[in-house]
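Open the structure in your viewer and keep the selection box ready. We will go stop by stop.

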Amino acid sequence: MKVLIVGGGGREHAIAWKAVQSPRVEKLYCAPGNAGIAQVAECVDIGVMDFDAQVAFAKEHGIDLVIVGPDDPLAAGAVDAFEAAGIRAFGPRKNAAILEGSKAFSKDLMKKYNIPTAGYETFDSPEEALAYIEHAPMPIVLKADGLALGKGVLICNTREEAKDGVKTLMLDKQFGSAGDRIVVEEFMTGREVSVLSFVDGKTIKIMTSAQDHKRAKDGDQGLNTGGMGTFSPSPFYTEEVDSFCRNYIYQPTVDAMRAEGREFQGIIFFGLMLTEQGPKVLEYNARFGDPETQVVLPRMKNDIMDVFEACVDGTLDQVELEFEDNAAVCVVLASAGYPEHYEKGYKMTGFENFKDKDGYYVFHAGSKFDAEGNIVTNGGRVLGVTAKGATLKEARENAYKATEWIEFGNKYMRHDIGKAIDEA
């Protein structure tokens, strides 16, 4: 098979790393890719939103399957563009990617089909949102309706914070048109768990659980980010939780999308809150999570190309997903100042330390080659250092040991990824 991956982040590096392990993959391309992906695939200088150029490239190079990684191209109809040209593509079509593309749509879907989630109201007018907040119980959660790089969620502890949040989202347009409409949601307490799944329109197959750390600083302080590190599995995702979610959340979501004429094929990422009243949906994503993918795929035993094709062909019921009985931890190495202002272009060294070391991986999120061929930083989240271990504690120790193997100016990380699990 000749395969094209669309994207250039840590998630796409993990997908590419997993894909090239398949004996069925003869040639792998990635558009646009990054310096790490270039180790396993041929990178092509085409942007993730340039569908015309992607389709032309796929036709010219006889691509058998396209895998679309990020949320923006999925929500804008990348899969539809490939299918219209007769090219097989993995990922939801535009009318199904709305599950992530509009928070208001997903909340209304859950309400209509009795899928457990937080209570909410939706507002198109800042004046109406502010009037509602005058009497709403605190704390409260504000969410930009549209895509905001995983950062359009504000947790407000006081009425003043909530009013400022409405201003940030709807008037100052910090996340652009994503904040034209907002969802105001009740604040839920409990453990957060991320669960990725493969879906073929009818059948859903659940991957192993994971947990992300969204805040920039230790102790879950600082601003929301795209994710500073993950671990898998979550010890809080018990058999009891799994059974409840399969019956009341996972399959009902797939069935609801079919009932709405929006058959979903691809990845559904369930962000769950384990509340005292039981598991509830925090959010849906319509693609692999980043950096959850970096701890889930290294534990997956299956040939991922078989699973991708089963989702496209509607034969996922014939696939049994298998995962190793171990743990993995990913620590994100970021640029100091992320998620606000940071500098790029620092030379990185130490990648050779990962060669021939079983169970240690470095996935590139924001990297590129400079004019001299050096690998340099090119983003806020730069690398995801992942390690496996027999237990979460061992995986965590291994991951933090491996973060010392890489050096670059402005290197920043959290030091408590998975620490609460060690101490639990």
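**Stop 1: enclosed spaces**

This is a predicted model. Rolling a probe the size of a water molecule over the atoms shows where empty space is left. Here the structure holds 4 cavities of 30 Å³ or more. Go to the largest cavity, with a volume of about 60 Å³.

Which residues line the largest cavity? Select Ile 15, Ile 67, Val 68, Gly 69, Leu 74, Phe 90, Gly 91 and Pro 92, then add Ile 267, Ala 286, Arg 287 and Phe 288. Now colour this lining by class: 9 residues are nonpolar, 2 are polar and 1 is charged.

**Stop 2: the domains**

Colour the protein by domain. Use domain 1 (2-93), domain 2 (119-186), domain 3 (191-318) and domain 4 (328-423). Look back at the largest cavity: domain 1 and domain 3 each give at least three residues to its lining. Next, place a marker at the C-alpha centre of domain 2 and another at that of domain 4. These two centres lie 33 Å apart.

**Stop 3: the second largest pocket**

Move on to an open space. The second largest pocket has a volume of about 570 Å³. Its lining includes β8 (153-156), α8 (159-171) and β13 (221-224), the elements that give two or more residues each.

How many residues line this pocket, and which lie nearest its centre? The lining has 21 residues. Select Lys 151, Leu 154, Gln 174, Leu 223 and Asn 224 to see those nearest the centre.

Colour the whole lining by class. You should find 10 nonpolar, 6 polar and 5 charged residues. Switch back to domain colours: domain 2 and domain 3 each supply at least three residues of the lining.

**Stop 4: a helix pair**

Keep α8 selected and add helix α7 (residues 126-133). Two packed helices are described by the angle between their axes and the distance between the axes. For α7 and α8, the angle is about 165 degrees and the axes are 10 Å apart. Angles over 145 degrees count as roughly antiparallel, so α7 is roughly antiparallel to α8. Their crossing is right-handed.

**Stop 5: backbone details**

Most residues other than glycine have a negative phi, and most peptide bonds are trans. The next three selections go against those trends.

- Select Met 138 and Pro 139. The peptide bond between them is cis, with omega near -5 degrees. Pro 139 sits in the loop between α7 and β7 (140-144).
- Select Ser 232 and Pro 233. Their peptide bond is also cis, with omega near 0 degrees. Pro 233 is in the loop between β14 (229-232) and α9 (239-259).
- Select Asp 220. This residue is not a glycine, yet its phi is positive, at about 55 degrees. Where is Asp 220 found? Look in the loop between β12 (215-217) and β13.

Note on methods: Residues numbered from 1 in each chain as written. Predicted model: local features only at pLDDT ≥ 70, side-chain atom pairs only at ≥ 80, totals over all residues. Heavy atoms only, no water. 1 Å grid on protein atoms, 1.4 Å probe; cavity = no way out; pocket = protein on both sides within 12 Å on 5 of 7 lines; lining within 4 Å. Points joined across faces, edges and corners; volume = space filled by probe spheres on them. Helix = DSSP H or I, 4+ residues; strand = E, 2+ residues; numbered from the N terminus. Nonpolar A, V, L, I, M, F, W, Y, C, P; charged D, E, K, R; others polar. Domains from an automatic or database assignment. Axes fitted to C-alpha atoms, helices over the stretch in contact; angles between N-to-C directions. Parallel < 35°, antiparallel > 145°, perpendicular 65-115°, else oblique. Left-handed = near helix turned anticlockwise from the far one by under 90°.
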